[in-house]
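This report introduces a protein structure to a reader who has not met it before. It begins with the whole chain and then turns to selected parts.

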Amino acid sequence: MDKNGKVLKNEFVVFSSALFFVILVAGSLAFFFSMRQIIRTNRTTDLSQTLEIKRINLETNVMNEIAIVKKMAGSPLIKDYFADPAETKLKDQAVKEIAAYREAFKNKSVFWINDKDKIFYIDDKTPYVVDPKSPDNYWYRMTLYETASYNFNINYNPDLDVINLWINAPVFDANKKPVGIVGTGIELSAFVSALFGDLDDRMELYYFNSKGEITGARDVKLVASKKRIDDMRWGVGGGSAVGGGGGSRGYRGGILAIAKNLAAGETKVLDVPHGNLVISTVPQLEWYAIGYMQDSINDYKTSMTALFLVVLVVILLVFIIFNIFTSNVLKSQHKAIVSLEHARNEAEMANRSKSNFLATMSHEIRTPMNAIIGITQIELQSENLPEKYVAAFRKIYSSANNQLAIINDILDMSKIETGKMELNPIEYDTPNLINDAVQLNVVRIGSKQIEFIVDIDENLPSKLYGDELRIKQILNNLLSNAIKYTNKGCVKLSVGYLTDGDGVTLRFTVEDTGQGIKPQDKERLFSEYKRFNAETNRATEGTGLGLNITKKLVEMMDGMIGAESEYGKGSVFTVTVRQKAVECPAIGASVAEQLRKFAFTGDRRVANLRINRELMPYGRVLVVDDVATNLYVAAGLLALYQLKIDTADSGFEAIEKVKNGGVYDVIFMDHMMPRMDGIETMLKLRELGYAGTIVALTANAMVGNDDMFKQKGFDGFIAKPIDICQLDEILNKFVRDKHPEEAKKYATEATKTKPYKSVNIAMNPRLLKFFCQDAEKAIATLRETVKNCDVKLFTITVHAMKSALANIGESEASRMAAALENAGRNGAMRYISANIDEFIQTLESLINKYSGIKSVNVADNDGVDNSDMTEDTDYLMKQLRIIKSACGNYDDDAVYAALDRLKERRWKPATIESLEKIREALYISSDFEAAGELCASMFDSMMVDKVFSVKS
């Protein structure tokens, strides 16, 4: 290499090294300050949300107590008693009423004192006379002469080492003259435990009153000593106080002054150097709350930090490789040419880095975010989830969902900008598309007072050809915006269509009664990175990309999007997209009505009923389900494998079977069961040391359930109604493959060459009998739960009936149950009240319909009394020998053939009952041993009778 080449090489190495160092320093600083801002913003949001949740909990608990105290103070009987405490009969009646009020308080504590004798009564303790002039009894004068409704006071009892929060209410006679005081006391230790027990260790939370005295803290000694909030310090270096003495950040007047300037419900964020400080109000109690969380290095231990480090390593490797490559090829080129080449290479590298970064974001961020959202959704459906976990999961779900939406918007916009966005058309079901979009967005309403209206044209084609996923994205953007910017009123989705040659133009209209759009924002509505009503929606999460992406997707489908809006009254968005027509019928009035009532249940699964089953008589399984119909169906499907089958109708029974030595190849565990659900049962079995395979059964076939159940400790997951292909896969994996020698033996038999024998489970009389029993029990439970407003048990019951009805082929009734279940999960009591009677009537009609179906498993005597008839015992014993031999060989075909031959003749009732038991042992439980024993017992009994008849 010549001198120029060496110079060029050295210059390039120095330049590239300096550039990498600048990128490293600048990128690290930018990342650190960006992450710091994001962390502090998120922490401020978390603190504000925590304060709001704690405020609601505090007000709910204390206001309930206050309401009871006020009601007691307004009692005419108590007023009369306080006016004349010497009247014995009146006193006895009043004391009884006060005792009744005591039961309404959570702590079962109540006190009272009248202004005449000034005797203080509390619970069942010895009364004593109060001296109103004593400074310790300042509450007496304050309550009786200065309080119109109620007040609080806190005192410390050194004898009991107990701090109490007292709620005091004055009692007035008919002339509005104060005649006494009633109230209750709350032990502050329990009060603090309830409010502060679930807080993060890093978070400091305090309540204080208008005098600045701390009224609630994790350290109750602060409350006992009446520590002032302005005397507290908040982690500022050198012990500087934020308030009180004029802290380093200039908050004059202290925390109390700031708090008193807050409006009811307002939250104030203070700038603290090493953490976050948030102040809020507790209007109902005239208190204030303050939350503080200090910075921590652990805040930076996130997936984004790991991703940043990976990107730095990649960039370093790229620089090293590029330097080596350039050093080998640079020789005698001119410095200007080398500079141009270097610039070109850097531009290419930047493009590759952008593409690689987007790909990494898509895989490394979107995938785990989707998992987080799916798992939190599943957890929030758990009936027994503690409230503190519900709140945590809701925050996780909301944050993850918003974050994922932002990431998806950025990636979609990048694809559109680079021309990589492509449509993937398929043939899809129109009702399913609409229902998916509606069900996804109806949960966004939450506690808002919004009526969701769906209006569908019943002539809409049931199938179309287009990009179903992108149409859902369009609908989701429009509906989520409508719900996000509407606080009360209604959101309406209308779906119609127009035909045009071989195409169909779908028309979606989304109307809302929300904020509306300012005239100056309408022109920029579909622009990139623009959000309308920016000042009003400052706290609303999102990137502002949604409508721009929606517009571009609509245009890719040869459609149009428009908006009409009046600021303050609402908006109407109309979208048309062109789809290819498919030869199909219209959805019809029935499906349109189901969509309007949120009762549509589409079935996209096509069951493959023709599979080759391998016999597994060496295997043993346990099926756990609280619905007898589900047990019967599961046992019927498992019976085809000749497995040894046990059943349990509750988690408690399953645990007992395992405790008593039961060992199973697979335990099939129903998810939703009353008292103890499948997850709880599985966890208790694991605690007992049971390491066997446990597979979840659930009717909630939501995407992500498989991973959720595996994370909980299950070994597999099967949706109900049971997919026989999935069941076959589970049995092959956990039974056949665990017994290879036995499996080889039975694999050589005729099971694989025998044609599949379809079993009409739905119309089996035994199944219908079990269904009638389940339905009768469900009717009684539903009536009781509606009467008592027990939404949890109501939802579990209709969930169980949904599966039971599907098992017997009553799909319409099953859809009714699914709609009621959805209403129960969303707390839609109005819908439940309007539809429960019709559902109960449906169940009663089905009971009447199926309860009269007779079993045809053995001979029907047509109502004739055959008790004294003479049986053909030789023929009967011959068939019994065949049955016994077939049971020993696990040959169910031979057993059923013999039983079918026997039912062609007439037998005594006792014989019919015995043959019925043999059939049930095989059909319900696949228990060849039990069937063989029943057969042998019946045969031996006949032999004894025959011997005695010969001797006589």
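Of the 952 residues in this protein, 46% count as buried. The model is a predicted one. Its secondary structure consists of 29 helices and 23 strands. Among contacts between residues at least 6 apart in sequence, 67% join residues at least 24 apart. The protein exposes about 48300 Å², and carbon and sulfur atoms supply 53% of that area.

**Strand β14 and its partners**

Strand β14 covers residues 463-466 and has two faces: Leu464 and Gly466 are on the covered one, while Lys463 and Tyr465 are on the uncovered one. Two other strands pair with β14, as the table sets out.

| Partner of β14 | Sense | Bridges | Residues standing opposite |
|---|---|---|---|
| β12 (residues 426-429) | antiparallel | four | Ile426 and Gly466 of β14 |
| β18 (residues 570-581) | antiparallel | two | Lys580 and Tyr465 of β14 |

Gly466, on the covered face, is thus listed with Ile426 of β12. Tyr465, on the uncovered face, stands opposite Lys580 in β18.

**Helix α1 and a surface patch**

Val25 lies in helix α1, which spans residues 3-73. This valine counts as partly exposed because its relative accessibility is 34%. Val25 belongs to a nonpolar patch on the surface, together with Phe21, Val22, Leu29, Phe32 and Phe33. The accessible area of these residues together is about 580 Å². An α-helix has 3.6 residues a turn, so residues three or four places apart point the same way.

**Helix α23**

Helix α23 has 17 residues, 791-807, and reaches 25 Å from its first C-alpha to its last. That span is close to the 24 Å expected at 1.5 Å a residue. Is α23 enclosed by the rest of the structure or not, and to what extent? Of its 17 residues, 13 are buried, so α23 is largely enclosed by the rest of the structure. Just after the helix, Gly809 takes a positive phi of about 85°.

**Lys268 in strand β9**

Strand β9, residues 267-272, contains Lys268. With a relative accessible area of 36%, Lys268 is partly exposed, since the buried class ends at 20% and the exposed class begins over 50%. Beyond its neighbours within four places in sequence, Lys268 is in contact with Ile258, Leu262, Leu277, Val278 and Ile279. Ile279 is eleven residues from Lys268 along the chain, and their C-alpha atoms are separated by 5.0 Å.

How values were computed
Residues are numbered from 1 along each chain as its sequence is written. This is a predicted model: local features need pLDDT of at least 70, side-chain atom pairs count only at pLDDT 80 or more; totals for chains, interfaces and linings use all residues. Side-chain values use heavy atoms; hydrogens and water are left out. Buried means under 20% relative accessible area, exposed over 50%, partly exposed in between (1.4 Å probe, protein chains only). Two strands pair if DSSP finds at least two bridges between them. Contact means heavy atoms within 4.5 Å. Accessible areas come from the Shrake-Rupley method with a 1.4 Å probe; for residues, only the protein chains shown count as cover. Patches are made of residues with over 30% relative accessible area and no salt bridge: like charges are joined within 9 Å, nonpolar side chains (Val, Leu, Ile, Met, Phe, Trp, Tyr) within 5 Å. A salt bridge is a side-chain nitrogen of Lys or Arg within 4 Å of a carboxyl oxygen of Asp or Glu. The expected span of a helix is 1.5 Å times one less than its number of residues.
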